[in-house]
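Me: I am in my first year and would like a close look at a single part of this protein model. Please take it slowly and connect each step to the next.

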Amino acid sequence: QVQLVESGGGLVQAGGSLRLSCTASGRTFSRLGMGWFRQAPGKERSFVAARSWTGGSTNYADSVKGRFTISRDNAKNTVYLQMNSLKPEDTAVYYCAADTGGRGSMTRMAYDYWGQGTQVTVSS
């Protein structure tokens, strides 16, 4: 079992920044692939960013490339999503996910555990 707890969401103006955190417990964090997904009202949950357990593979959705950065601190069992130059279309509930296969996939079905989500609202 893996428990994931996200934090860091909130309300920010367009052009601003936020950093989301996701802390894992219950399993060796360093072997988990970690991903971030988001879900806007009325839309399906979509991929944002992911990082493999080795850190050798990092993927981003085209819509966030150059603006968002995923990183991880294995000593703190935490993965981060630094979000810069935020746009109103980034408004969504952001979810952290863990892949016990360690890959950091872009595919939702690859993830075994999910956090409860944190709301990010970007005002224009």
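How many disulfides does the structure hold, and what surrounds the residues that take part?

Reply: The structure, which is a predicted model, holds one disulfide. The disulfide joins Cys22 to Cys96, with a distance of 2.0 Å from S to S. Cys22 lies in strand S3 and Cys96 in strand S9, so the pair ties together parts that are 74 residues apart in sequence. As general background, a disulfide is a covalent bond between the sulfur atoms of two cysteines. The torsion about the S-S bond of Cys22 and Cys96 is about -75 degrees, and therefore this disulfide is left-handed. As for their surroundings, Cys22 is buried, and Cys96 is buried as well. To picture where the bond sits, we can follow each of the two strands outwards in turn.

Let us begin on the side of Cys96, in strand S9. Strand S9 covers residues 92–99, and seven of its eight residues are buried, so the strand is largely enclosed by the rest of the structure. Here "buried" has a definite cut-off, namely a relative accessible area under 20%. Strand S4, which spans residues 33–39, is joined to S9 by seven bridges, and the two run antiparallel; within this arrangement Arg38 stands opposite Tyr94 of S9. Strand S11, made of residues 118–123, also pairs with S9 in the antiparallel sense, over three bridges, and there Val93 has Gln119 of S11 as its bridge partner. Strand S10, residues 113–114, is joined to S9 by two bridges, again antiparallel, with Ala98 placed opposite Tyr113 of S10.

Now we can turn to the side of Cys22, in strand S3. Strand S3 runs over residues 18–25 and pairs with strand S8 in the antiparallel sense through six bridges. One position that shows this pairing is Ser21, which stands opposite Tyr80 in S8. Strand S8 itself consists of residues 78–83, and five of its six residues are buried, so S8 is largely enclosed by the rest of the structure. Strand S8 is also joined by six bridges to strand S7, residues 68–73, and these two run antiparallel. Tyr80 of S8 appears here once more, as the bridge partner of Ser71.

These pairings belong to an open sheet of four strands, whose order is S1-S3-S8-S7 and whose pairing is antiparallel. Strand S1, residues 3–7, and strand S7 stand at the edges with a single partner strand each, so one side of each is left without a neighbour in the sheet. From one strand to the next, the twist averages 15 degrees. It also helps to recall that in a regular strand the side chains alternate between the two faces of the sheet.

The connection between S7 and S8 deserves a look of its own. These two strands form a hairpin with four residues between them, and both Lys76 and Asn77 lie in that loop. Lys76 has 54% relative accessibility and therefore counts as exposed, whereas Asn77 is partly exposed, with a relative accessible area of 28%. Although Lys76 and Ala24 are 52 residues apart in sequence, their C-alpha atoms are 8.8 Å apart in space. Asn77 has a phi near 55 degrees, a positive value in a residue other than glycine. This is worth pausing on, because most residues other than glycine have a negative phi. A further case is Ser85, with a positive phi near 50 degrees; Ser85 lies in the loop between S8 and S9 and, at 41% relative accessibility, counts as partly exposed.

A last loop offers a contrast to these accessible positions. Ser52 is found between strand S5 (46–51) and strand S6 (58–60), and with a relative accessible area of 5% it is buried. A polar atom of the Ser52 side chain lies 3.4 Å from the backbone nitrogen of Gly56. Leaving aside residues up to four places away in sequence, Ser52 touches Leu32, Gly33, Ser57, Arg72, Gly102, Arg103 and Gly104.

Returning to the question, the bond runs between Cys22 and Cys96, two buried residues that lie in strands S3 and S9.

Definitions and conventions. Residues numbered from 1 in each chain as written. Predicted model: local features only at pLDDT ≥ 70, side-chain atom pairs only at ≥ 80, totals over all residues. Heavy atoms only, no water. Buried < 20%, exposed > 50% of the residue type's maximum accessible area, 1.4 Å probe, protein only. Pairing = 2+ DSSP bridges. Disulfide = S-S within 2.5 Å. Polar contact = N/O pair within 3.5 Å; in protein donor to acceptor, adjacent residues only side chain to side chain. Contact = heavy atoms within 4.5 Å. Axes fitted to C-alpha atoms, helices over the stretch in contact; angles between N-to-C directions.
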